[in-house]
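Visitor: I should like to go through the ligand site and a pocket of this protein, step by step. Could the guide please begin with the ligand?

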Amino acid sequence: MASKVLVTGGAGYIGSHTVVELQNNGFEVVIVDNLSNSNIDVLNRIQKITGKRPIFENFDLCDTEKIKLFFKKHNDIKAVIHFAAFKAVGESVSNPLKYYNNNLVSLVNLLQAMNENNISNLVFSSSCTVYGQPDELPVTEQSPIKEATCPYGYTKQVSEQVLKDSTSAYKFFKAIALRYFNPIGAHDSALIGELPLGVPNNLVPFITQTALGLRKQLSVFGDDYNTPDGTCIRDYIHVVDLAKSHVIAIQRLLKNNNINDFEFFNIGTGKGNSVLEVINTFERVTAQKLNYKITNRREGDIEQVYADTKYANFELGWKAEKTLEEALLSAWNWEKYYRNNLSNKE
Ligand code: UD1
């Protein structure tokens, strides 16, 4: 029988792509999402892609009563993937309590409920932000956890500590944290993709919205960094590659083969690209001219970070397969498709 997996935040950007991969691999999926940064129509589109509609429950994981009722109703869940969290770096600086409350309380509530319901397996949505600005590149899982640059980053560091302590105290608990680098791109179908509310904070949605004329101009935040072209360097990973790493992590937990209680992996491509390289590649693969200008640095940005992925490649048998070109083209196709065909329905 298909194992049932709870995906919190499953209507969101990375969550929806992961639900598709889980369903394509025979898992039954239950989504819990409060739709604070996503839209219910995503369920129809997941169904279009996979032929299956995930079960959906709309509530906030900060609500312990609702969680109790949920696990009573769904008493056959074998594993959980926890995406539901806020992720805007700037907003976390101006409103830290919103972040500490939502990101930490929901995790603790979820773990308590898993404990009470004897559910052992958790995959957690972590981030390369836990490394701060690393001293050495590429960054490995053994690189030191440096001071975070924002409250959002601290919530990811603390969450990992919560998992480490909980898996060591409650012996039946096992958790895998996937430390994402910079997820970009969209599903090949162009039916799901990244859809930030309001003005995008992240580079690629800002690029696609500018190319489509929804934004006037892209600002490149600084060209005086100590990098070959002066702009920041990141490890941009296609969201479908990223989604697949979650299926592997769930399979690993369910196999139960003597893995450590708490494991963490870098999920990136292993390759760093500068902001200008991303812009140039976008212009080349989409044949669009992008209106951009160089502006001041953005506060809190780190100069460069990219992953050493050997450990994930070896231990998980997972490797990023898609190129930056494919990722940018898919992001563009999604933006166009969404604006032309879907946005009027929402
Ligand atoms: C940050 C977090 C990351 C988190 C992500 C979620 C850190 C170090 N990284 O990624 O953990 O998962 O947000 O939102 O905390 N840029 C521009 N112009 C723009 C937007 C971005 O030049 O309009 C540049 C940035 O300066 C940066 C790069 O593009 O160099 C990527 O920025 P962004 O997409 O915002 O992601 P990060 O800040 O790397």
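**The ligand shell and a pocket**

Visitor: Into which classes do the residues of the shell around the ligand divide, and how many are nonpolar?
Guide: In this predicted model, the shell around the ligand includes six polar and four charged residues. The remaining class is the nonpolar one, and its count is nine.

Visitor: Which strand gives the largest share of that shell?
Guide: The shell comprises 19 residues, and among those that come nearest to the ligand are Ser127, Leu203, Arg234 and Asp301. Ser219 is also listed with the nearest. The largest share, four residues, comes from the strand that spans residues 218-221, namely E8.

Visitor: How far from a nitrogen atom of the ligand does a backbone N or O atom of Ser219 lie?
Guide: Polar contacts are counted within 3.5 Å. Backbone N or O atoms of Lys87 and of Asn201 lie 3.2 Å and 3.4 Å, respectively, from an oxygen atom of the ligand. For Ser219, the partner is a nitrogen atom of the ligand, and the distance is 2.7 Å.

Visitor: What percentage of the area that the ligand exposes alone does the protein bury?
Guide: Taken alone, the ligand exposes 750 Å². Of that area, the protein buries 92%.

Visitor: Which element gives the most to the lining of the second largest pocket?
Guide: This pocket has a volume of about 190 Å³ and is lined by 13 residues, including Ile145, Glu160 and Arg179. Helix H6 (151-169) and strand E11 (262-267) each supply at least two lining residues. The element that gives the most, with four residues, is H6.

How values were computed. Residues numbered from 1 in each chain as written. Predicted model: local features only at pLDDT ≥ 70, side-chain atom pairs only at ≥ 80, totals over all residues. Heavy atoms only, no water. Near = heavy atom within 4 Å. Polar contact = N/O pair within 3.5 Å; in protein donor to acceptor, adjacent residues only side chain to side chain. Areas by Shrake-Rupley, 256 points an atom, 1.4 Å probe, with all protein chains shown as cover. Nonpolar A, V, L, I, M, F, W, Y, C, P; charged D, E, K, R; others polar. 1 Å grid on protein atoms, 1.4 Å probe; cavity = no way out; pocket = protein on both sides within 12 Å on 5 of 7 lines; lining within 4 Å. Points joined across faces, edges and corners; volume = space filled by probe spheres on them.
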